[in-house]
Every structure is written in structure tokens, then in C-alpha cells.
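Me: I should like to learn how to read a protein model feature by feature. Please give the general idea each time, and then the case at hand.

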Amino acid sequence: MKNKILKKMTFGLFALLLLSNCKGTKTPKEPLLVSADTTWHTTYQGTLPCADCPGIKTTLTLHWTKVNAGKNTYTLTEEYLDRGSFSSSGEFNTERGFGDDNDATVIILNWDKPSENRRYYVYFSKNPKVLHVLNPQKELNKSNLNYTLEQQD
């Protein structure tokens, strides 16, 4: 008799612990889907300031993969308006939260490389279609110039 009661109490305690670990989750807004199974991409574009030229037309395409489906990769093209253009590609990673926005997403290009090779961007949860270029210290650029790229549909 005592064994049955002990088993019921153990089972009840186990069920209570299991239920207490359940938390509601928010499904993040996903960028444009390319393939329903594993990958999708998002392209951001804009003209960024340049110290000695009229501007840098910048196109950043992020190739996302679902968890455990592969690596996130990017392609970055920077066209100096009075000169040539440069392209680069590599891997990126993300971090959640920036400043007061716990749901902002920080994008780190070349996250697997030394810090001097990394580039940082952030989009805020209230406006994920605008990507802000961050400085090497992962801070917003303090300038009246436009350091943003806009998502292309």
C-alpha cells in the first residue's frame, strides 16, 4: 500500500516538474522563404556614407538556414559610386537583444573570424525591415548620416 502511494506521489511530483518547465514561446517573424524545408534569404540595400566619395551602394543578402540544417551565409556587395565595387561572402551568426529591445537581432558577419574582420548590424523588433550598421564596438553610429539598409521585397 505504501509503495502505491509513494509511486503516485513520485509520478505527481514528476508531472508537476515537467509542467512547470513549459513556457510559451513566440514565433519570430521569418524573412522571405526560399525553400519551405531548410533555407530562406533576406536582402537589404541602401547607400551608406563614404568619407571620400558620394556614397557606397550596399547590398547585403543573408542566406538563413533552420537550426541544425547548415550554416548561415551572406553575400555583401559594396559599390563605391565613383569607383569600383567589392564583394565578399562568408558566415554570419545572430545574437538576441540590443539596448532596451530584448527582441532585437544583432547580425554578425564573419563571426568565426578575428574581431577586426567582423561587421555588425541590428534590426529592431518594431521595424525588422530596417537594418542599422553598427560600429566595431557593436554600437549605433552617432551621426546625422544615414547608416541604414532597407529590406527589399
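Me: Let us start with a single residue: is lysine 138 buried, partly exposed or exposed?

Reply: Burial is read from relative accessible area: under 20% is buried, over 50% is exposed, and partly exposed lies in between, with a 1.4 Å probe and protein chains only. Lysine 138 has a relative accessible area of 30%, so this residue is partly exposed. The place of lysine 138 is in the loop between E7 and E8, and its phi is near 60°, a positive value in a residue other than glycine.

Me: What kind of model is this, and how are the residues numbered?

Reply: This is a predicted model, in which local features need pLDDT of at least 70, side-chain atom pairs count only at pLDDT 80 or more, and totals for chains, interfaces and linings use all residues. Residues are numbered from 1 along each chain as its sequence is written, and side-chain values use heavy atoms, with hydrogens and water left out.

Me: How many helices and strands are there in the protein chain?

Reply: Helices (H or I, at least four residues) and strands (E, at least two) are DSSP runs, numbered from the N terminus. The protein chain has one helix and eight strands, and its elements run α-β-β-β-β-β-β-β-β from the N terminus on. Of its 153 residues, 30% count as buried.

Me: In what order are the strands arranged?

Reply: Strands of a sheet pair through backbone hydrogen bonds, either parallel or antiparallel. Two strands are taken to pair if DSSP finds at least two bridges between them. Here eight strands close into a barrel in the order E1-E2-E3-E4-E5-E6-E7-E8, with antiparallel pairing. Neighbouring strands of this sheet are turned by 30° against each other on average, direction ignored; the axes are lines fitted to C-alpha atoms, for helices over the stretch in contact, and angles run from 0 to 180 degrees between N-to-C directions.

Me: Over how many bridges do strands E6 and E7 pair?

Reply: Strand E6, residues 119-124, and strand E7, residues 127-134, pair in the antiparallel sense over four bridges. Together E6 and E7 form a hairpin with two residues between them. Phenylalanine 124 stands opposite asparagine 127 in E7, and tyrosine 121 has valine 133 in E7 as its bridge partner. On to the next pair: E7 and E8 are antiparallel over three bridges, and leucine 149 in E8 is the bridge partner of leucine 131.

Me: Which residues are closest to the centre of the second largest pocket?

Reply: On a 1 Å grid over the protein atoms alone, a pocket is an open set of points with protein on both sides within 12 Å along at least five of seven lines, and lining residues have an atom within 4 Å of a point. Grid points are joined across faces, edges and corners, and a volume is the space filled by probe spheres set on the points. The second largest pocket has a volume of about 330 Å³. Of its 17 lining residues, Leu48, Glu78, Arg119, Tyr121 and Val133 are the closest to its centre. Strand E2 (56-65), strand E3 (73-80), E6 and E7 each give two or more residues to this lining, and E6 gives the most, with three.

Me: How do the residues of that lining divide by character?

Reply: Ala, Val, Leu, Ile, Met, Phe, Trp, Tyr, Cys and Pro count as nonpolar, Asp, Glu, Lys and Arg as charged, and the others, Gly among them, as polar. The lining has eleven nonpolar, three polar and three charged residues.

Me: What joins the side chains of glutamate 78 and arginine 119?

Reply: A polar contact is a pair of N or O atoms within 3.5 Å; within protein, one must be able to donate a hydrogen and the other to accept it, and residues adjacent in sequence count only if both atoms are side-chain atoms. Such a contact, of 2.7 Å, joins these two side chains. Glutamate 78 lies in strand E3 and is buried, because its relative accessible area is 14%.

Me: Where does asparagine 135 lie?

Reply: Asparagine 135 is in the loop between E7 and strand E8 (148-152). A polar atom of its side chain lies 2.9 Å from the backbone nitrogen of glutamine 137. With a relative accessible area of 14%, asparagine 135 is buried.

How values were computed:
On a 1 Å grid over the protein atoms alone, a cavity is a set of points where a 1.4 Å probe fits but cannot get out, and a pocket is an open set with protein on both sides within 12 Å along at least five of seven lines; lining residues have an atom within 4 Å of a point.
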